[in-house]
Amino acid sequence: MLVTVMGATGKTGKAATDRLLAEGIKVRALGRSMEKLAPLAKAGAQPVVADANKAAELTAAFRGADAVYALVPPYLSAPDLLAYYERVNGAIASAIVESNVRRVVYLSSLGAELDAGTGPVRGLHAGEQMLKAIPGLDLLFMRPGFFYENHFGSLGLIKSQGINGGATAPDVPITTLAASDIGEAVASALAKRDFSGIIVRELCGPRDLTMAEATRILGSKIGKPDLGYVQFPDDGFIAGLESAGFSHSMATLFAEMSHAFNARKVKPHQPRTPANTGTTTFESFAEIFAQAYQAA
């Protein structure tokens with residue numbers, strides 16, 4: 001069995017690749033540079049440098065694979081984020097058709113059932129619609145919640161101003177989990193090939209967390225037990241993201257996504273079960289966050 005993994009050096013792709021290799025499954029690992037792919041090649045993966053925007057390169061990487069893990073790589077400075085999603089989703093769909101791959105896991109998100117008002121998740125909704133239009137495809141949409149790792153984006157704010165903050169309200173419960181648990185779920189589905197037709201699987205962590213709760217846990221791990229969370233107005237939030245290197249398009253869509261969190265639009269619809277629940281606790285992630293904080 002051969003599986004092609006997009007974003008193999010990224011948050012979820014690396015975890016999926018490691019798990020598949022550990023199970024003796026051949027992996028064609030796609031990434032942006034051979035240097036970053038080198039550790040995976042050493043572990044036994046077949047490294048392939050491919051541009052996710054280019055259908056021909058993806059077609060070559062998908063051809064001969066029994067299954068594909070497809071995703072839209074992050075592009076925080078994209079001048080028009082939704083146009084970027086459309087290009088990559090289009091390249092993925094074209095490559096699936098041209099390579100005749102018949103089994104695909106696509107990284108989506110909670111909220112992808114909605115066509116408006118969800119920020120970047122709108123691009124994943126559009127991607128799901130593109131892939132659903134391909135006939136005869138066994139297609140699994142993985143819809144995880146908010147990544148624990150997104151909190152790394154607050155390191156600079158905490159270091160410089162002694163607060164955590166964002167446009168999300170402090171007391172809204174958010175479904176959140178570790179990227180490694182998403183990768184594990186993806187690898188398990190690809191290894192077991194336990195889906196057919198069009199399937200949606202939501203993924204969550206051991207418990208939902210508010211931003212205030214997450215901030216308290218992170219603060220306790222970095223030696224700032226009184227660390228507080230501040231809800232910023234949209235203009236301040238957008239300006240802060242732009243100063244950190246986000247494009248205006250990305251920053252504006254992140255503000256929109258925060259409103260969707262606040263309105264409880266981005267939420268699970270499937271019950272929490274052992275099968276869809278990651279085992280990594282936020283407290284264990286906070287230990288890693290603390291190491292990054294000390295090194296920053």
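**Second largest pocket and the adjoining sheet**

In this predicted model, the volume of the second largest pocket is about 310 Å³. Its lining comprises 19 residues, and those nearest the centre of the pocket are Ala185, Leu203, Pro274, Ala275 and Asn276. Two elements each give two or more residues to this lining, namely helix H7 (179-192) and strand S10 (198-203). The most is given by H7, which supplies six residues. Classified by residue type, the lining of the second largest pocket contains seven nonpolar, six polar and six charged residues.

Strand S10 also belongs to an open sheet of seven strands, paired in parallel and ordered S3-S2-S1-S4-S5-S6-S10. The edges of the sheet are formed by strand S3 (46-49) and S10, each of which pairs on one side only. From one strand to the next, the twist averages 20°. In general, pairing between the strands of a sheet is made through backbone hydrogen bonds, in either a parallel or an antiparallel arrangement.

The partner of S10 in the sheet is strand S6 (residues 138-144); the two strands run parallel and are joined by six bridges. Within this pair, phenylalanine 141 is positioned opposite valine 200 of S10.

Helix H7 connects the description of the pocket with that of the sheet. H7 lies across five strands: strand S1 (2-5), strand S4 (67-70), strand S5 (103-107), S6 and S10. Relative to S6, H7 runs at about 165°. H7 and S10 are thus both contributors to the lining of the second largest pocket, and H7 lies across S10, an edge strand of the sheet.

Key
Residues are numbered from 1 along each chain as its sequence is written. This is a predicted model: local features need pLDDT of at least 70, side-chain atom pairs count only at pLDDT 80 or more; totals for chains, interfaces and linings use all residues. Side-chain values use heavy atoms; hydrogens and water are left out. On a 1 Å grid over the protein atoms alone, a cavity is a set of points where a 1.4 Å probe fits but cannot get out, and a pocket is an open set with protein on both sides within 12 Å along at least five of seven lines; lining residues have an atom within 4 Å of a point. Grid points are joined across faces, edges and corners, and a volume is the space filled by probe spheres set on the points. Helices (H or I, at least four residues) and strands (E, at least two) are DSSP runs, numbered from the N terminus. Ala, Val, Leu, Ile, Met, Phe, Trp, Tyr, Cys and Pro count as nonpolar, Asp, Glu, Lys and Arg as charged, and the others, Gly among them, as polar. Two strands pair if DSSP finds at least two bridges between them. Axes are lines fitted to C-alpha atoms, for helices over the stretch in contact, and angles run from 0 to 180 degrees between N-to-C directions. Contact means heavy atoms within 4.5 Å.
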